[in-house]
Each structure stands twice: as C-alpha cells, then as structure tokens.
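Colleague: I have a model open and would like to go through its backbone oddities, its sheet and its pockets. Can we take them in that order?

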Amino acid sequence: MKNIITQSLEKSYTYQQYRSFVTKALENNPEILELEEGYLPYAELNETRLNRLDKTITVASSVEVKLQQLKGQYIWLVISESWCGDAAQILPILHKMSEVTPAVDLVVVFRDQNEELMEEFLTNGGKAIPKVIVLDKATLEVLADWGPRPVGAQKTVDDYKAANGQFDDEGIVALQKWYAKDKGIAVQREIEQLMSQLD
C-alpha cells in the first residue's frame, strides 16, 4: 500500500495546480483530460461551479478552531476527476479547510491515472469519488478515509433511487440543490469529526 501511496503522491497536484491544469485543458486541449464520451459538458459545468465556490465558500469558525488545534501533521490525498459533480462541490471546501491550519496539506490526484490507489478505496465495490485519504505526513500511513459524499447528500441519492428506480439527470439536479442548501457545512462537520478522532 505504501508504494501505491508514494507513487500517487508523486503524481499529485496542489489544489491550485489541479484547478489550473483543468482550466487550461478545458480552454485549449480537453483531450488531455481523457474524458469519457459525453463527459465534457459536466467538466465545463463543474468549472463554473468551482469558480463560484472558490469565491463563496467559508469555513465555519468552530471548525476552523478545531482544525487549528490539531497536533499531528497530515496529508489529505483526494481522488477526483474534472467531470465529477460531487468533487466540484467538495474540493473547494477541503481546500478552504486546509488553508486555515498548518497541520494539513491538501493534494489531488486524478482517479483514472491512479487506478491502483482507487482500487484500495472502493465504495460498495464502486470507484466513487471524491475520496479523501488521510495520511500521516511523516510515515504516509493511511489513518482514515472519507467520501464520496456527506451523509445527507448520500441520503438524497438513496431516496431518489428508491422513489425512481435510478439516478438520472433529475436526481443530479436534486443532489446539487442539496449541496446549495447545505453551503458546505456537512462536509466541514464530518471531516472535522474524523480529524478529531484521529488527533
């Protein structure tokens, strides 16, 4: 596992590098994102979403205090892709959280370029993203993982599937409305709780 983690970290991006890479690719050369057919519109929509959230997301003061009190040193290794709607909602939150504490370094890797890593962190057998892998910064030991979405968002997905038999475009709209109403608080609370258990 440590070899897989090390190899993935070597291919990782800071949040700013990740955002810059995807932005330039969408503007000049979308092919390098290696998107599946039909996924480009999702990546473009997420670019708009990320631009908005980068400006508007704030860390709750109580969460900020808890993060600043962390004693350990951690890496949040996040598995993501440009087309993923959940990732577009969650990555800006994680970035803002990492900025308020010296205890956390946030890095991002592309799922499809890190298949071995993804295979170690499946959700119910699926390659669901985003996935946050919490590492001890000194040893690269995996301490915990989180994802692909907060409990309330997952309930929205599950309830929609139960009512409609599938998760379609209307389901995606319902999920995005949940994120908009929540304003990033659920992710902050869940990650704060996770880190408090580790530290």
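Colleague: Is N124 buried or exposed?

Modeller: N124 counts as exposed, at 83% relative accessibility. Buried means under 20% relative accessible area, exposed over 50% and partly exposed in between, with a 1.4 Å probe and protein chains only.

Colleague: What is the provenance, before we go on?

Modeller: This is a predicted model, in which local features need pLDDT of at least 70, side-chain atom pairs count only at pLDDT 80 or more, and totals for chains, interfaces and linings use all residues. Residues are numbered from 1 along each chain as its sequence is written, and side-chain values use heavy atoms, with hydrogens and water left out.

Colleague: Back to N124. What is phi there?

Modeller: Near 50°, a positive value in a residue other than glycine. N124 sits in the loop between α6 (115-119) and β4 (131-136). Helices (H or I, at least four residues) and strands (E, at least two) are DSSP runs, numbered from the N terminus.

Colleague: Which other residue has a positive phi, near 65°?

Modeller: L140, again a residue other than glycine. The loop between β4 and β5 holds L140. L140 is buried, with a relative accessible area of 17%.

Colleague: Where are the cis peptide bonds?

Modeller: One runs from I129 to P130, with omega near 5°. P130 is in the loop between α6 and β4. Another joins G147 and P148, with omega about 10°, and P148 is in the loop between β5 and α7 (151-164). For context, most residues other than glycine have a negative phi, and most peptide bonds are trans.

Colleague: New topic, the sheet. What is the strand order?

Modeller: The 5 strands run β1-β3-β2-β4-β5 in an open sheet with mixed pairing. Two strands pair if DSSP finds at least two bridges between them.

Colleague: Why do β1 and β5 each have one side without a neighbour?

Modeller: β1 and β5 (142-146) stand at the edges with a single partner strand each, so one side of each has no neighbour in the sheet.

Colleague: How does β3 pair with β1 and with β2?

Modeller: β1 (residues 13-14) pairs with β3 in the antiparallel sense over 2 bridges. Y13 has V108 as its bridge partner in β3, and T14 stands opposite V107. β2 (residues 74-80) pairs with β3 in the parallel sense over 7 bridges, where I79 is partnered by V109.

Colleague: How many residues of β3 are buried?

Modeller: 6 of the 7 residues in β3 (residues 104-110) are buried, which leaves the strand mostly covered.

Colleague: What does α5 do between β2 and β3?

Modeller: β2, α5 and β3 make a right-handed β-α-β unit. Right-handed here means that, with the strands pointing away from the viewer, the path from the first strand over the helix to the second runs clockwise.

Colleague: Now pockets. What volume does the largest one have?

Modeller: About 620 Å³. Of its 23 lining residues, the closest to the centre are W83, C84, G85, D86 and R149. The elements giving two or more residues to that lining are α3, α5 and α8 (169-182). On a 1 Å grid over the protein atoms alone, a pocket is an open set of points with protein on both sides within 12 Å along at least five of seven lines, while a cavity is a set where a 1.4 Å probe fits but cannot get out; lining residues have an atom within 4 Å of a point. Grid points are joined across faces, edges and corners, and a volume is the space filled by probe spheres set on the points.

Colleague: And the second largest pocket, what lines it?

Modeller: The second largest pocket has a volume of about 260 Å³. Its lining has 14 residues, and R52, L53, Q89, Y179 and A180 are the closest to its centre. α3 gives the most to this lining, with 6 residues.

Colleague: How many cavities are there?

Modeller: The search of the whole structure finds 2 of 30 Å³ or more. The largest has a volume of about 60 Å³, and its lining includes Y18, R19, N46 and E81. The second largest holds about 30 Å³ and is lined by L33, E34, L35, E36, E81, W83 and D112.
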